[in-house]
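Dear colleague,

Please find below the sequence and the structure for your review. My notes on what was found follow directly after.

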Amino acid sequence: MKARVHVMLKNGVLDPQGDAVRHALGTLGFEGVDGVRQGKVIELDLAETDAEAAKASVTQMCEKLLANTVIESYTVELV
């Protein structure tokens, strides 16, 4: 089973990487981009076959390592 975790900075947290991308897009001629938020996607190959157990396990991974829950939010998707 595969799991995909999307991690993004929470609203209100400054995103300097997103600002750099927005600025670079403007420099390249892509006008009209008012804001960019940058995050990360983590794909996991799991041995678990039970969807509920897999999601619970990945959620624990996010809480303990994959996301800084003080400033980041995450979503877990089983694929």
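In this predicted model, the side chains of strand 1 alternate between two faces. Ala 3, Val 5, Val 7 and Leu 9 point to one face and are buried, whereas Lys 2, Arg 4, His 6 and Met 8 point to the other and are not buried.

Strand 1 also takes part in an open sheet of three strands, ordered 2-1-3 and paired in the antiparallel sense. Strand 2 and strand 3 are the edge strands, each pairing on one side only. On average, and with direction ignored, neighbouring strands of this sheet are turned by 20° against each other. Seven bridges link strand 1 with strand 2, and seven bridges join strand 1 to strand 3, which covers residues 72–78. Within these pairings, Val 7 has Lys 40 of strand 2 as its bridge partner. Met 8 stands opposite Gly 39 in strand 2, and its bridge partner in strand 3 is Ser 73.

Helix 2 lies across strand 1, strand 2 and strand 3, and runs at about 155° to strand 3.

The largest nonpolar core consists of twelve residues, among them Ala 3, Val 5, Val 7, Ile 42, Leu 44, Val 58 and Leu 66. Strand 1 (2–9), strand 2 (39–45) and helix 2 (51–66) each supply at least two residues of this core; helix 2 gives the most, with four residues. Ala 67 is another member of the core. Neighbours within four places in sequence aside, Ala 67 is in contact with Val 7, Cys 62, Glu 72 and Tyr 74.

With kind regards

Definitions and conventions. Residues are numbered from 1 along each chain as its sequence is written. This is a predicted model: local features need pLDDT of at least 70, side-chain atom pairs count only at pLDDT 80 or more; totals for chains, interfaces and linings use all residues. Side-chain values use heavy atoms; hydrogens and water are left out. A nonpolar core is a set of buried Ala, Val, Leu, Ile, Met, Phe, Trp, Tyr and Cys residues joined through side-chain atoms within 4.5 Å. Buried means under 20% relative accessible area, exposed over 50%, partly exposed in between (1.4 Å probe, protein chains only). Contact means heavy atoms within 4.5 Å. Two strands pair if DSSP finds at least two bridges between them. Axes are lines fitted to C-alpha atoms, for helices over the stretch in contact, and angles run from 0 to 180 degrees between N-to-C directions.
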